[in-house]
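Student: Please give a close account of the second largest pocket. Which residues line this pocket closest to its centre?

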Amino acid sequence: MTVALLTAAGTGTRMGQNVPKQFIHVDEKPIIIYTMEAFQKHPNIDYIIVVTLPAWIEVLEAYARQFNITKLKWIVAGGETGQESIYKGLLALEKELKPDDLVMVHDGNRCMVSDEIISNSIATFHTHGSAVAAIPCVEAVFRSDDNGVSSNISIPREQLYRTQTPHTYTLEKLIWAHEEANKRGITNSVASCTLMQALGEKIYFSKGSEENLKITTKDDLTIFKALLDSKKESWVK
């Protein structure tokens, strides 16, 4: 079984809106629904679990009914941090799944995830036992020791990758990582891949995309809307 675990428990302070970013409407549809639809239509995804803000659980349930997200099986209240929110989702899944079932941890506000990215993540998992979506870094990268001033160190871009989501692991492996993190006092890892790296695990990259952007700022929202309009035009042609 393969389950998509979508994280949607952030408050979205950087967006500066009256509602959390994952519930902002674009073309009369909430951002989180676009993300859920990507996993809803993929044939290899069996169920969806969403970890979200407690006050928005009933709203999310209503949206799922409105947009016919039939694979949504669980909604869980999130925690104080992203790491805690993922762990709460995993604990809910532990009661329902087998240890070797696949869990794809994905940002709820990364709503342009494609069929190809999802499929390649699963394929990479079957080859290596885990998968983290990533794209090569194409910009020149400098290190700064003083805010806004470059040091004399530039990092060769061919050695750098920008990680995205999904992150695909077995449920058992993810539970182990979070329990081990609790033992070691790792409390606010920014993503499952950084948590695994902190625990000494090797990271295997699967296919990502520049279009698989994470909507965090108003600029991201503008880019997302442009991508939506572009895809509509391609479909019409």
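Tutor: The second largest pocket has a volume of about 400 Å³. Here a pocket is an open set of points on a 1 Å grid over the protein atoms alone, where a 1.4 Å probe fits, with protein on both sides within 12 Å along at least five of seven lines; the volume is the space filled by probe spheres set on the points, which are joined across faces, edges and corners. Lining residues, those with an atom within 4 Å of a point, number 19, and K41, C111, M112, V113 and K231 are the closest to the centre. This is a predicted model, in which local features need pLDDT of at least 70 and side-chain atom pairs count only at pLDDT 80 or more, whereas totals for chains, interfaces and linings use all residues. Residues are numbered from 1 along each chain as its sequence is written, and side-chain values use heavy atoms, with hydrogens and water left out.

The helices α1 (31-40), α4 (115-128) and α7 (218-236) each supply at least two residues of the lining; helices are DSSP runs of H or I with at least four residues, strands runs of E with at least two, numbered from the N terminus. By class, the lining holds seven nonpolar, three polar and nine charged residues, where Asp, Glu, Lys and Arg count as charged, Ala, Val, Leu, Ile, Met, Phe, Trp, Tyr, Cys and Pro as nonpolar, and the others, Gly among them, as polar.

Helix α7 also contains K225, whose side chain meets that of D27 in a salt bridge at 3.1 Å, N to O (a side-chain nitrogen of Lys or Arg within 4 Å of a carboxyl oxygen of Asp or Glu).
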